[in-house]
Amino acid sequence: MQTPEFEVDREAFKALDQQITEQIAEGKEPDPATVEKLIAVIYAAEEKAARLLPRNTRARNEADRFLKGLHGLAAMLKTPAIDVILSGVENRPDATLGELLNFMTAFNLRFGVASTPQQRQIYSTLYPKLVQLRNEIAQALATSAAPRTSGTEAEDFFAVMSDKDLQKKAPRLKAGGAQPKP
């Protein structure tokens with residue numbers, strides 16, 4: 001994907017990524033039309049890689065892996081997946097603080113500004129627990145090296161999925177968050 005043949009694709013990825021990033025930074029959901037453009041660029045790059053790069057070569061395998069990761073992440077932008085995942089959180093009173101932090105890390109989530117009385121009350125309860133957890137593990141963290149990421153976590157996750165699975169359309173939620181009937 002680093003060869004001149006893919007320059008146009010890389011530039012298109014960057015431009016669409018910038019648009020989606022700006023939409024999210026403004027607190028908006030990614031525009032479905034922009035996400036569809038991104039997925040169209042991914043499909044075109046997948047077809048180009050299949051046409052230009054011989055099967056089972058390092059370049060083809062790396063391109064396929066990268067594009068699958070990108071395809072999987074882009075497809076997640078089209079779905080209310082995070083809302084579905086979070087919708088059952090109140091049914092998990094046994095979830096630990098560590099599980100919460102792992103979940104937030106896995107989905108690159110951050111704490112936002114508490115803008116309602118309920119959110120402020122939750123933060124008031126959560127903050128002392130986070131401080132206590134930090135203090136309990138501070139010594140262990142001080143003596144261990146920081147975990148390293150490879151930067152390919154999305155590729156690793158989506159690489160094992162078939163192209164057919166990545167191209168499936170996710171069900172849309174009905175107004176009010178109700179799940180569609182199977």
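Buried, as the word is used on this tour, means a relative accessible area under 20%, while exposed means over 50% and partly exposed lies in between. The model is a predicted one.

**The whole chain**

Begin with the full chain in cartoon view. It holds 8 helices and 0 strands, so that the pattern read along the sequence is α-α-α-α-α-α-α-α. Colour the 182 residues by burial, and 20% of them count as buried. A surface display covers about 13,500 Å² of accessible area, with 58% of it belonging to carbon and sulfur atoms. If contacts are drawn between residues at least 6 apart in sequence, 61% of them join residues at least 24 apart.

**Helix H1**

Next, select residues 7-25, which form helix H1. This helix has 19 residues, and the distance from its first C-alpha to its last is 27 Å, close to the 27 Å expected at 1.5 Å a residue. Show the side chains of Asp9, Arg10, Phe13, Leu16, Ile20 and Gln23, the buried residues of H1. These residues cover an arc of only 150 degrees around the axis, and therefore lie on the same side of H1. Which helices do the buried residues of H1 pack against? Adding H2 and H3 to the display supplies the partners. Now turn to the face of H1 directed away from its buried side, where the exposed residues Val8, Lys14 and Ala25 are found.

**The end of H1 and Gln23**

Move to Gly27, just after H1, where phi is positive at about 80 degrees. Then centre the view on Gln23, which lies in helix H1. Gln23 has a relative accessible area of 15%, and it is counted as buried because the cut-off is under 20%. A polar atom of the Gln23 side chain lies 2.7 Å from the backbone nitrogen of Asp31. Which residues does Gln23 contact, leaving aside neighbours within four places in sequence? Select Lys28, Glu29, Pro30, Asp31 and Thr34 to see them.

**The aromatic pair**

Return along H1 to Phe13 and display its ring together with that of Phe66. The chain has 1 aromatic pair by the rule applied here. The ring centres of Phe13 and Phe66 are 6.3 Å apart and the planes stand at 65 degrees, so the pair is edge-to-face. Distant parts of the chain are linked by this pair, since Phe13 belongs to helix H1 and Phe66 to helix H3, 53 residues apart. Are the two partners buried or exposed? Phe13 is buried, at a relative accessible area of 10%, whereas Phe66 counts as partly exposed at 32% relative accessibility.

**Helix H3**

Extend the selection from Phe66 to residues 58-77, the whole of H3. H3 has 20 residues and spans 29 Å from first C-alpha to last, close to the 28 Å expected at 1.5 Å a residue. Its buried residues are Arg60, Ala63, Leu67, Lys68, Gly69, His71, Gly72 and Ala74.

**Lys37 in H2**

For the last stop, select Lys37, placed in helix H2 (residues 32-52). Lys37 counts as partly exposed, at 49% relative accessibility. Measure from its C-alpha atom to that of Phe13: the separation is 9.5 Å, with the two residues 24 apart along the chain.

Note on methods. Residues are numbered from 1 along each chain as its sequence is written. This is a predicted model: local features need pLDDT of at least 70, side-chain atom pairs count only at pLDDT 80 or more; totals for chains, interfaces and linings use all residues. Side-chain values use heavy atoms; hydrogens and water are left out. Helices (H or I, at least four residues) and strands (E, at least two) are DSSP runs, numbered from the N terminus. Buried means under 20% relative accessible area, exposed over 50%, partly exposed in between (1.4 Å probe, protein chains only). Contact means heavy atoms within 4.5 Å. Accessible areas come from the Shrake-Rupley method with a 1.4 Å probe; for residues, only the protein chains shown count as cover. Rings of Phe, Tyr and Trp (its six-membered ring) pair if their centres lie within 6.5 Å; planes under 30 degrees apart count as stacked, over 60 as edge-to-face and the rest as tilted. The expected span of a helix is 1.5 Å times one less than its number of residues. A polar contact is a pair of N or O atoms within 3.5 Å; within protein, one must be able to donate a hydrogen and the other to accept it, and residues adjacent in sequence count only if both atoms are side-chain atoms. The arc is that of the directions from the helix axis to the C-beta atoms.
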